[in-house]
Amino acid sequence: MAEAEDENLQKQIDEIEALSSIYEDEWCVIDEAARIFCIRIVDELDHPKWTICLQVVLPPEYPITAPPVYQLNAPWLRGQERISLSNSLEEIYLENSGECILFLWVGKIRDFLLLKSQSADAVPEIQKTTEEIEVNYQDDYFIACQPPDQQVTVNVAFPESSEDEQLPPIIHGEPITDRRSTFQAHLAPVVTPNQVKLLLQELYQNKKIANATHNIYAYRIYCEDKQTFLQDCEDDGETAAGGRLLHLLQILDARNVLVVVSRWYGGILLGPDRFKHINNCARNILVDEGYTELACEGQRTSIKRRKQKNKKGK
């Protein structure tokens, strides 16, 4: 076992060194210790029109017995196009099982982008925040990652909640302030998309929150009958922040929960630190409300847990 792990690690090191030397500035190390990497792939280097960011997590078993965990990040990549490209990457893995495949994946994605650029499709317009325009950080290439079988968002026939129903309370976390910018997380348990809508409406009735520079949110609802997740996120002008927040919910396996992080901009650019504060706020409130414990115990919501306790009390 130890020999196999050492062999995997050496192969990973060799592959990463090769990719970083070839792609240089397009290559980004997200977390060396956790083996999380990202590469920005474009259709052409001089005047790129179409871009996809590929983030991979290399498990200890890769490449001999397990594939990389990956996610494709591009605002325009949706529906059948995303499914088709994902299927192509998975076919490459199956055809080259036990071998390093990242270089092949990058090549396949670049071929896909070249075909896209030759089509009649209009180039997408991506809006950036003022902070991103003034400061260009590699850190902005971050993407949420999750195994492909958990990435599909399905349309589930949830019963619509009545607008007169009593919604669960919204919990407000401790604010974090850095260089006059303030970040605060808000959390509520949810079991239907309509609850998400109603809770956001209720939250925005607070004028201070409604006037925040950004209100970034993400939610995950577990669909037990289909054994998948209904999940979504919103950047609210802070590009990639919603995806980061959703990624946090995924790696904590937080289920049936809505998390909103408000940011009040203080006039001083924070660069990548802003993402750190957004995730720290969210993580703190998830831990405080027991969602990390629920993930470990296999529970689905803190509401269910409280209901069970109340039944016992009766």
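This report describes a four-stranded sheet with its covering helices, a loop residue, a helix pair and a buried strand in a predicted model.

**The sheet E1 to E4**

Four strands form an open sheet in the order E1-E2-E3-E4, and their pairing is antiparallel. Strand E1 (27-31) and strand E4 (69-73) are the edge strands, each pairing on one side only. From one strand to the next, the twist averages 20 degrees. Between E1 and strand E2 (residues 36-42) there are four bridges in the antiparallel sense. Asp-31 has Ile-36 in E2 as its bridge partner.

Two helices lie across strands of this sheet. Helix H1 (residues 2-23) lies across E1 and E2, and its direction is at about 135 degrees to E1. Helix H3 (residues 102-118) lies across E2, strand E3 (51-57) and E4, running at about 160 degrees to E3.

**A loop residue**

The loop between helix H5 (193-203) and helix H6 (207-210) contains Asn-206. With a relative accessible area of 37%, Asn-206 is partly exposed. A polar atom of the Asn-206 side chain lies 3.0 Å from the backbone nitrogen of Lys-208.

**The pair H7 and H8**

Helix H7 (residues 241-251) and helix H8 (residues 273-288) have axes that come within 10 Å and cross at roughly 35 degrees. The crossing of H7 past H8 is right-handed. On the H7 side the contact involves Ala-241, Arg-244, Leu-245, Leu-248, Leu-249 and Ile-251, which meet Phe-275, Ile-278, Asn-279, Ala-282, Arg-283 and Leu-286 of H8. By class, this contact has nine nonpolar, one polar and two charged residues.

**Strand E10**

Strand E10 (residues 257-264) is largely enclosed by the rest of the structure, because eight of its eight residues are buried. In a regular strand, side chains alternate between the two faces of the sheet. Both faces of E10 are covered: one side carries Val-257, Val-259, Val-261 and Arg-263, the other Leu-258, Val-260, Ser-262 and Trp-264, and all are buried.

E10 pairs with strand E7 (residues 181-189) in the antiparallel sense, and strand E8 (residues 214-223) is also joined to E10 in an antiparallel arrangement. One bridge pair from E7 to E10 is Pro-189 with Val-257. Another bridge pair involving E10 is Tyr-219 with Leu-258.

The table lists strand pairs with their bridge counts.

| Strand pair | Sense | Bridges |
|---|---|---|
| E1 and E2 | antiparallel | four bridges |
| E7 and E10 | antiparallel | eight bridges |
| E8 and E10 | antiparallel | seven bridges |

Note on methods
Residues numbered from 1 in each chain as written. Predicted model: local features only at pLDDT ≥ 70, side-chain atom pairs only at ≥ 80, totals over all residues. Heavy atoms only, no water. Pairing = 2+ DSSP bridges. Axes fitted to C-alpha atoms, helices over the stretch in contact; angles between N-to-C directions. Contact = heavy atoms within 4.5 Å. Buried < 20%, exposed > 50% of the residue type's maximum accessible area, 1.4 Å probe, protein only. Polar contact = N/O pair within 3.5 Å; in protein donor to acceptor, adjacent residues only side chain to side chain. Left-handed = near helix turned anticlockwise from the far one by under 90°. Nonpolar A, V, L, I, M, F, W, Y, C, P; charged D, E, K, R; others polar.
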